[in-house]
Amino acid sequence: MKIALLLTTTILMSASAFANPKLAEEKGCLACHAVDAKRIGPSFKDVAAKYADDKKAVATLATKVRKGGGGVWGSIPMPANPQVTDAEAKKLVEWILATK
Ligand code: HEC
């Protein structure tokens with residue numbers, strides 16, 4: 001019984017880990033970002049490393065993903081992403097911060 005529960009949890013967890021790169025692709029994030037390479041925007045691993053100790057990172061970054069902004073990684077700003085809901089932005093940022 002315990003083993004079955006453990007297996008189900010593992011399967012569910014890996015399924016959601018795959019759902020997030022797909023969400024990033026669907027929302028157009030991967031046009032400017034890659035997990036481990038800098039493109040127009042910073043790599044998601046660099047973002048994860050930068051905010052590793054920042055407990056408020058999910059909230060601040062989720063807002064920035066939706067509203068856009070610049071000045072942190074270079075001279076190119078990120079445009080607003082109004083196609084992303086607040087919940088989706090948080091989900092994406094949680095995934096990004098776990099890519100390190
Ligand atoms: C048109 C290109 C473009 C798209 C599309 C884009 N980004 Fe960005 N993103 C950038 C740039 C450029 C920066 C660096 C901004 C800066 O220097 O403050 C950035 C920065 C970020 C950061 C770090 C912000 C910070 O303050 O450190 C996160 C997190 C992020 N993007 C997530 C996303 C997600 C999630 C999506 C999809 C919903 C997305 N981006 C779509 C270009 C883009």
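Helix H4 buries Ala-89, Leu-92, Val-93 and Ile-96. Seen down the helix axis, these buried residues fall within an arc of 95°, so they line one face of H4. The helix has twelve residues. From its first C-alpha to its last it reaches 16 Å, close to the 16 Å expected at 1.5 Å a residue. This picture comes from a predicted model.

Glu-94 also lies in H4. Is Glu-94 buried or exposed? It falls in between: Glu-94 is partly exposed, because 14 other C-beta atoms lie within 10 Å, while a buried residue needs 20 or more. Ala-57 sits 37 residues away from Glu-94 along the chain, yet their C-alpha atoms are separated by 9.1 Å.

**Helix H3**

H3 has buried residues too: Leu-61, Ala-62 and Val-65. They cover an arc of only 105° around the axis, which puts them on the same side of H3. What do the buried residues of H3 pack against? Their partner is H4. Just after H3 comes Gly-68, with a positive phi of about 80°.

**The chain as a whole**

The chain holds four helices and zero strands. Read from the N terminus, the order of elements is α-α-α-α. Of the 100 residues in the chain, 14% are buried. Contacts with a separation of 6 or more were also counted, and 55% of them join residues 24 or more positions apart.

Confidence varies along the chain. The average pLDDT is 90, and 86% of the residues score at least 70. Which element has the lowest mean pLDDT? That is helix H1, residues 2-26, with a mean of 73. H3 has the highest, at 98. Where pLDDT is low, the predicted coordinates should not be read in detail.

**Two loop residues**

Trp-73 lies in the loop between H3 and H4. It is partly exposed, since 16 other C-beta atoms lie within 10 Å. Leaving out residues up to four places away in sequence, Trp-73 touches Gly-41 and Pro-42.

Lys-27 belongs to another loop, the one between H1 and helix H2 (44-50). Lys-27 is partly exposed as well, with 17 other C-beta atoms within 10 Å. Which residues does Lys-27 contact, leaving aside its neighbours within four places in sequence? They are Asn-81, Gln-83, Val-84 and Glu-88.

The table sets out pairs that are apart in sequence, with their C-alpha separations.

| Pair | Separation in sequence | C-alpha to C-alpha |
|---|---|---|
| Glu-94 and Ala-57 | 37 residues | 9.1 Å |
| Trp-73 and Gly-41 | 32 residues | 7.7 Å |
| Lys-27 and Gln-83 | 56 residues | 7.0 Å |

**Around the ligand**

The ligand has 28 residues around it. Which of them come nearest? They are Cys-29, Cys-32, Gly-41, Val-72 and Met-78. Gly-41 has appeared already, as a residue that Trp-73 touches.

By class, the shell has 18 nonpolar, eight polar and two charged residues. Two helices appear in the shell: H3 (57-67) and H4 (86-97) each supply at least two of its residues. These are the helices already seen together, with the buried residues of H3 packing against H4.

Note on methods: Residues are numbered from 1 along each chain as its sequence is written. This is a predicted model: local features need pLDDT of at least 70, side-chain atom pairs count only at pLDDT 80 or more; totals for chains, interfaces and linings use all residues. A residue is near a molecule or strand if its C-beta atom, placed from the backbone, lies within 6 Å of it. Ala, Val, Leu, Ile, Met, Phe, Trp, Tyr, Cys and Pro count as nonpolar, Asp, Glu, Lys and Arg as charged, and the others, Gly among them, as polar. pLDDT is the predictor's confidence in each residue, from 0 to 100. A residue is buried if 20 or more other C-beta atoms lie within 10 Å of its own, exposed if 12 or fewer, and partly exposed in between; C-beta atoms are placed from the backbone. Two residues are in contact if their C-beta atoms, placed from the backbone, lie within 7 Å. The expected span of a helix is 1.5 Å times one less than its number of residues. The arc is that of the directions from the helix axis to the C-beta atoms.
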